[in-house]
Amino acid sequence: MSAVEAKLAELGLTLPEVVPPLAAYQPAVRSGVYVYTAGQLPMVEGKLPVTGKVGAEVTPEEAKDLARTCALNALAAVKSVTGDLDRIARVVKVVGFVASAADFTGQPGVVNGASELLGEVLGDKGVHARSAVGVAVLPLDAPVEVEIQVELVP
């Protein structure tokens with residue numbers, strides 16, 4: 001077990017299976033020392049635990065937890081192309097998309113779920129640049145979607 005996966009276990013988390021693509025793309029692609037993930041939905045065992053807009057059908061607290069799930073799914077996608085999460089030198093960028101009710105403006109707080117998880121699991125290597133974007137709708141009516149870019153140890 002890698003040190004990163006040991007840290008996940010210490011936090012009571014397990015790395016999920018890679019979420020299969022919903023269309024014509026790969027869950028993650030490596031280019032040189034970087035890995036770029038596709039947008040990861042908060043799928044758990046092949047299903048979305050909740051759907052709808054944040055600030056309407058989904059509370060910000062629920063959405064923040066869903067963003068954590070997205071980050072776990074993103075780490076699984078990274079592992080699928082690297083074989084070992086200990087190869088992560090740092091998380092470079094996180095982009096979070098939040099399907100938002102018209103008057104919802106708390107996107108940064110929602111995406112904190114992903115950012116905080118990466119920090120808990122990777123420590124200083126999890127500190128990153130970030131965008132948190134409100135959108136009208138996401139695939140499968142998911143409330144949140146997260147993609148990450150990581151740099152690998154050469």
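Is Pro139 buried, exposed or partly exposed? Pro139 is partly exposed, because its relative accessible area is 41%, which falls between the 20% limit for buried and the 50% limit for exposed. The model behind this briefing is predicted. The points below cover the annotated domain, one long-range look at helix H2, some backbone angles, the loop that holds Pro139, and the empty spaces.

**The annotated domain**

- An unreviewed UniProt entry lists residues 5–148 as "domain: Endoribonuclease L-PSP/chorismate mutase-like".
- Over residues 5–148, helix makes up 31% of the chain and strand 22%.
- The C-alpha atoms at the two ends of residues 5–148 are 18 Å apart.

**Helix H2 and its end**

- Helix H2 covers residues 60–82, which is 23 residues.
- At 1.5 Å a residue, H2 should span 33 Å. The expected span uses one less than the number of residues.
- The end C-alpha atoms of H2 are 33 Å apart, so the expected and computed spans agree.
- Gly83 comes just after H2 and takes a positive phi of about 80 degrees.

**Asn73, a residue in H2**

- Asn73 lies in helix H2.
- Asn73 counts as buried because its relative accessibility is 2%, and buried means under 20%.
- Leaving out residues up to four places away in sequence, Asn73 touches Pro16, Val19, Gln40, Leu41, Pro42 and Met43.
- Asn73 and Ala23 are 50 residues apart along the chain, and their C-alpha atoms are separated by 17 Å.

**Positive phi outside glycine**

- Glu45 is not a glycine, yet its phi is positive, at about 50 degrees.
- Glu45 sits in the loop between strand E2 (34–37) and H2.
- Glu45 counts as exposed because its relative accessibility is 80%, and exposed means over 50%.
- Asp141 is another residue other than glycine with a positive phi, here near 65 degrees.
- Asp141 belongs to the loop between strand E4 (129–135) and strand E5 (144–152).
- Asp141 is partly exposed, because its relative accessible area is 29%.

**The loop between E4 and E5**

- Pro139 lies in the loop between E4 and E5.
- Pro139 touches Leu22, Leu41 and Glu145, not counting residues up to four places away in sequence.
- Pro139 and Ala9 are 130 residues apart in sequence, and their C-alpha atoms are 30 Å apart in space.
- Val137 also lies in the loop between E4 and E5.
- Val137 counts as exposed, because its relative accessibility is 52%.
- Val137 touches Lys53 and Ala99, again not counting residues up to four places away in sequence.
- From C-alpha to C-alpha, Val137 and Arg87 are 34 Å apart in space, with their positions 50 residues apart in sequence.

**Ser115 in helix H3**

- Ser115 is placed in helix H3 (residues 107–122).
- Ser115 counts as buried because its relative accessibility is 13%.
- Ser115 touches His128 and Arg130, with residues up to four places away in sequence not counted.

**The cavity**

- Rolling a probe the size of a water molecule over the atoms shows where empty space is left.
- A search of the whole structure finds one cavity of 30 Å³ or more.
- The volume of the largest cavity is about 70 Å³.
- Residues lining the largest cavity include Val19, Pro20, Leu22, Tyr25 and Pro27. Ala38, Gly39, Gln40, Leu41 and Met43 line the largest cavity too.
- The lining of the largest cavity has eight nonpolar residues, two polar and no charged.

**The pocket**

- The largest pocket holds about 250 Å³ of space.
- Its lining is made of 14 residues. Nearest the centre of the largest pocket lie Pro16, Met43, Val44, Glu45 and Asn73.
- Eight residues in the lining of the largest pocket are nonpolar, four are polar and two are charged.
- Met43 appears in the lining of the largest cavity and also lies among the residues nearest the centre of the largest pocket.
- Two residues nearest the pocket centre have appeared above: Asn73, which is buried, and Glu45, which is exposed.

Note on methods. Residues are numbered from 1 along each chain as its sequence is written. This is a predicted model: local features need pLDDT of at least 70, side-chain atom pairs count only at pLDDT 80 or more; totals for chains, interfaces and linings use all residues. Side-chain values use heavy atoms; hydrogens and water are left out. UniProt positions are given in the numbering used here, feature names are shortened, and annotations may be inferred rather than shown by experiment. Helices (H or I, at least four residues) and strands (E, at least two) are DSSP runs, numbered from the N terminus. Buried means under 20% relative accessible area, exposed over 50%, partly exposed in between (1.4 Å probe, protein chains only). Contact means heavy atoms within 4.5 Å. On a 1 Å grid over the protein atoms alone, a cavity is a set of points where a 1.4 Å probe fits but cannot get out, and a pocket is an open set with protein on both sides within 12 Å along at least five of seven lines; lining residues have an atom within 4 Å of a point. Grid points are joined across faces, edges and corners, and a volume is the space filled by probe spheres set on the points. Ala, Val, Leu, Ile, Met, Phe, Trp, Tyr, Cys and Pro count as nonpolar, Asp, Glu, Lys and Arg as charged, and the others, Gly among them, as polar.
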